[in-house]
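Biologist: Got a minute to go through this one with me? Put it up and let's start with the contacts.

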Protein chains: 2
Amino acid sequence: MPAISRRGAAMPASPIRKLVPYANEAKKKGIHVYHLNIGQPDIATPPVIFDAIAEYANTEKVLPYGPSDGLPELKEAISDYLKGYNIDVAPDEVFITTAGSEAIVFSMMAVADPGDEFIVFEPFYTNYNGFARMADVKLVPVTTSVEEGFHLPPREAIKSKITERTRGIILCNPNNPTGTVYTRDEVEMVMEIAKEHDLFVLSDEVYREFTFDGRKHTSVLSFVSEADRVIVMDSISKRFSACGARIGYIVSKNRGVLETLLKFGQARLCPPTIEQVGAIAGFRHISEFMSDMIAEYERRRDAVYEELMKIPGVFTRKPEGAFYTVVRLPVENAEEFAIFMLKDFNIDGKTTMVAPANGFYATEGKGQDEIRIAYVLEVEQLRDAIRILGEGLKAFGK
Amino acid sequence: MPAISRRGAAMPASPIRKLVPYANEAKKKGIHVYHLNIGQPDIATPPVIFDAIAEYANTEKVLPYGPSDGLPELKEAISDYLKGYNIDVAPDEVFITTAGSEAIVFSMMAVADPGDEFIVFEPFYTNYNGFARMADVKLVPVTTSVEEGFHLPPREAIKSKITERTRGIILCNPNNPTGTVYTRDEVEMVMEIAKEHDLFVLSDEVYREFTFDGRKHTSVLSFVSEADRVIVMDSISKRFSACGARIGYIVSKNRGVLETLLKFGQARLCPPTIEQVGAIAGFRHISEFMSDMIAEYERRRDAVYEELMKIPGVFTRKPEGAFYTVVRLPVENAEEFAIFMLKDFNIDGKTTMVAPANGFYATEGKGQDEIRIAYVLEVEQLRDAIRILGEGLKAFGK
């Protein structure tokens, strides 16, 4: 029997999903599992999106290929949507992808060759690891810490990681998994370093709207003089609570990048047609639901932070955006604790599933005592889930 | 401004889509373009598929992530569907992908490392080139010819291409772009070579049902003793006339391959949810529409072949399956001719778009005088399109 590839063997299992078998076992025993491990919101997808999809399914006769760069109406809708943030992007500078996932892997492949490097701030969205493996590029981590609220380290700490193979800096703002919203000064520092070393900046802005306490999001696209080195990666999954739609997009003003994306895009033909139709409706009606959704996440953020602060030995900063937080626990091995919660613990038939944070770091040994929490449930459920987490911590290792 | 990657620059433009700008120009001038360049059927998507999608959109509140390996109901439906071909595949041996495209690139990456090789019979589905570029693997072509109806060459011609880096043989059966249906003896020969050299066989069986004149399709899965080296790649695009759905799947009985696919799959989270719901309905109701669809394609095949045979200097064999044929034209440069048809030729305001076949070959210089035709229009339109092609040939180069 022939062997699988080395890259296949080296591919990391998702830290978000790898404990799913334990969760399934718990559920078989009748235990209710609060899923704080994955960013799957319980918030209703705006009905205009489902309505547009139903309308399409009720009227069309053939479900055809779309253009490789996406439906023109969707590109226009996104161009108009970005104007609302004073970002001037033409429809032909928008490339529709099959979810944020494809946006990331296409962006990496468009600017980096096998063996090339990207600088990334750890902890980072764990699937960057998988995409880097697929694209055969190396992620070079710059570590941020829970004490600093995961804000960026000084300029020199970043510059010291740049080598001949560095092709770009990956920024995720607001940040998954940390919930950090970078200040304008921080984003500007990244842009300056990129300019100085002639690097691309790949900016994951999936959580653009998800900022709390009146914070403003700074898009890399607002640095217009550096537009050629900027690639924005985005997705409708969280903004429209439509994770299953698999619609994302890339913004670039660099003609070479756009032409390359089109060639990658032609190879895989097109993104899903029906779900693009839903996305058009979402962008056209975003003002009708977005602020309510953010207010709800801010309430959840408050509840989660409040409950976490009640647990002895737990440390985290108040999340500034997105709907995640990375929390340091008073345990040596957070993965063992996460498994314990699923295998060996429950209160009144309920337990809490979290993602061990070690998989969100590239530096070996980092994040062993941290977890990521996604606050994607209603406030009362979140409070209950965090209380159970606290009780689990008391029981763990006894 | 930083440069794009070498692999991006080296990525081939799709020969199926790269002439689209010429077609758009023709349309702007009011010319009707018969699209024989792309396998986008005009046949109605079975209404049960649209109904299932509309039902989902009308009843669900949240459009969530699905499992990374696809919805269990879809995996079961495919397992049952394959039983209809005496192929015994368990649901957990089915991995749902975002279209056949992802099935191909995941399969390549699962078994080959950068620099590894696959043997492929040329002309081949042109997007294999793009996927090989993305996966950083090399396609080693074994040439087949229009005179032989693109059937496989003798065993030694294939074996002579095997090197230390060869990881597998890619078979597309029934074949896109040639319309060839390989005999059981041919498939068996490929399986024997794979066994002898311990290679994988990656079999693209998207057109499984599309066989004419009573021919039977031979799946590599029917060679059960070699199941561990077999990977089947499939898609609903053509079978359900649902190209825009972007739902495909991989079948493997090799645990290592399945585990690797799951890791790739977890990185990109999941395939589109709603369109999987449509696919379930398609597989459950396939017996209600499939034979009518094949009969229609056989009528089209007859019409296209009959009209082609009327054109002086044109050579092709009668296609045996799928809905394509590769045709040798009495021209030196078929790409120039294809552009001429769009730019400089029409009859009564109509012209015909075809795909130059050179992009379907990996060997430099091959296929210069050939085109691929997709017979995806109604019979009378096809006859008109081929007649116009014949008139275009008379006018070309004068």
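Biologist: Among contacts in chain A between residues at least 6 apart in sequence, what share join residues at least 24 apart?
Modeller: That share is 76%. Keep in mind that this is a predicted model.

Biologist: OK. And what does chain A have in the way of secondary structure?
Modeller: Chain A has 13 helices and 12 strands.

Biologist: What's the radius of gyration of chain A, and what would a compact globule have?
Modeller: Chain A comes out at 21 Å, and a compact globule with 398 residues would be near 21 Å, so the two agree. Along its principal axes, the C-alpha trace spans about 60 × 60 × 55 Å.

Biologist: How much of chain A counts as buried?
Modeller: 58% of the 398 residues do.

Biologist: Switching to the contact with the other chain. How many residues does each of them put in?
Modeller: Chain A puts in 70 residues and chain B puts in 70 residues. On the chain A side, the helices that each supply at least two residues are α1 (6-10), α3 (47-59), α5 (99-111), α6 (127-135), α9 (255-267) and α10 (273-284).

Biologist: Which one gives the most?
Modeller: That's α9(A), with 7 residues.

Biologist: And how do the residues on that side of chain A divide by type?
Modeller: The side of chain A that touches chain B has 36 nonpolar, 19 polar and 15 charged residues.

Biologist: You mentioned α5. Where does A:Ala99 lie, and what's its phi?
Modeller: A:Ala99 lies in helix α5 of chain A. Its phi is near 75°, which is positive in a residue other than glycine.

Biologist: Buried or exposed, that A:Ala99?
Modeller: Buried, because A:Ala99 has 27 C-beta neighbours inside 10 Å and 20 is enough to count.
Modeller: There's also A:Ala322, with a positive phi of about 55° although it is not a glycine. A:Ala322 lies in the loop between α11 (290-309) and β9 (324-328) of chain A, and is buried with 28 other C-beta atoms within 10 Å.

Biologist: Now cis peptides. Which residues does the one in chain A join?
Modeller: A:Asn173 and A:Pro174, with omega about -10°. A:Pro174 is in the loop between β5 (166-172) and α8 (184-196) of chain A.

Biologist: And in chain B, which residues are joined by a cis bond?
Modeller: B:Asn176 and B:Pro177, where omega is about 20°. B:Pro177 is found in the loop between β5 (166-172) and α8 (184-196) of chain B.

Biologist: Staying in chain B, how do α2 and α12 cross?
Modeller: The axes of α2 (residues 20-28) and α12 (residues 334-343) of chain B come within 8 Å and cross at roughly 20°. That makes α2(B) roughly parallel to α12(B), since anything under 35 degrees counts that way. The crossing is left-handed.

Biologist: Which residues meet there?
Modeller: From α2(B), B:Tyr22, B:Ala23 and B:Ala26 meet B:Ile339, B:Leu342 and B:Lys343 of α12(B). By type, the residues of that contact are 5 nonpolar, no polar and 1 charged.

Biologist: Last one, back in chain A: where is A:Phe340, and what is it in contact with?
Modeller: A:Phe340 is in helix α12 (residues 334-343) of chain A. Leaving aside neighbours within four places in sequence, A:Phe340 is in contact with A:Phe345, A:Gly392 and A:Phe396. A:Phe340 and A:Gly392 are 52 residues apart in sequence and 8.3 Å apart in space, C-alpha to C-alpha.

Biologist: Why does A:Phe340 count as partly exposed?
Modeller: Because A:Phe340 has 19 C-beta neighbours inside 10 Å, and buried takes 20 or more.

Note on methods. Residues numbered from 1 in each chain as written. Chains lettered and ligands numbered in written order. Predicted model: local features only at pLDDT ≥ 70, side-chain atom pairs only at ≥ 80, totals over all residues. Helix = DSSP H or I, 4+ residues; strand = E, 2+ residues; numbered from the N terminus. Buried ≥ 20, exposed ≤ 12 C-beta atoms within 10 Å, placed from the backbone. Contact = placed C-beta atoms within 7 Å. Nonpolar A, V, L, I, M, F, W, Y, C, P; charged D, E, K, R; others polar. Axes fitted to C-alpha atoms, helices over the stretch in contact; angles between N-to-C directions. Parallel < 35°, antiparallel > 145°, perpendicular 65-115°, else oblique. Left-handed = near helix turned anticlockwise from the far one by under 90°. Rg over C-alpha atoms; globule rule 2.2 N^0.38 Å.
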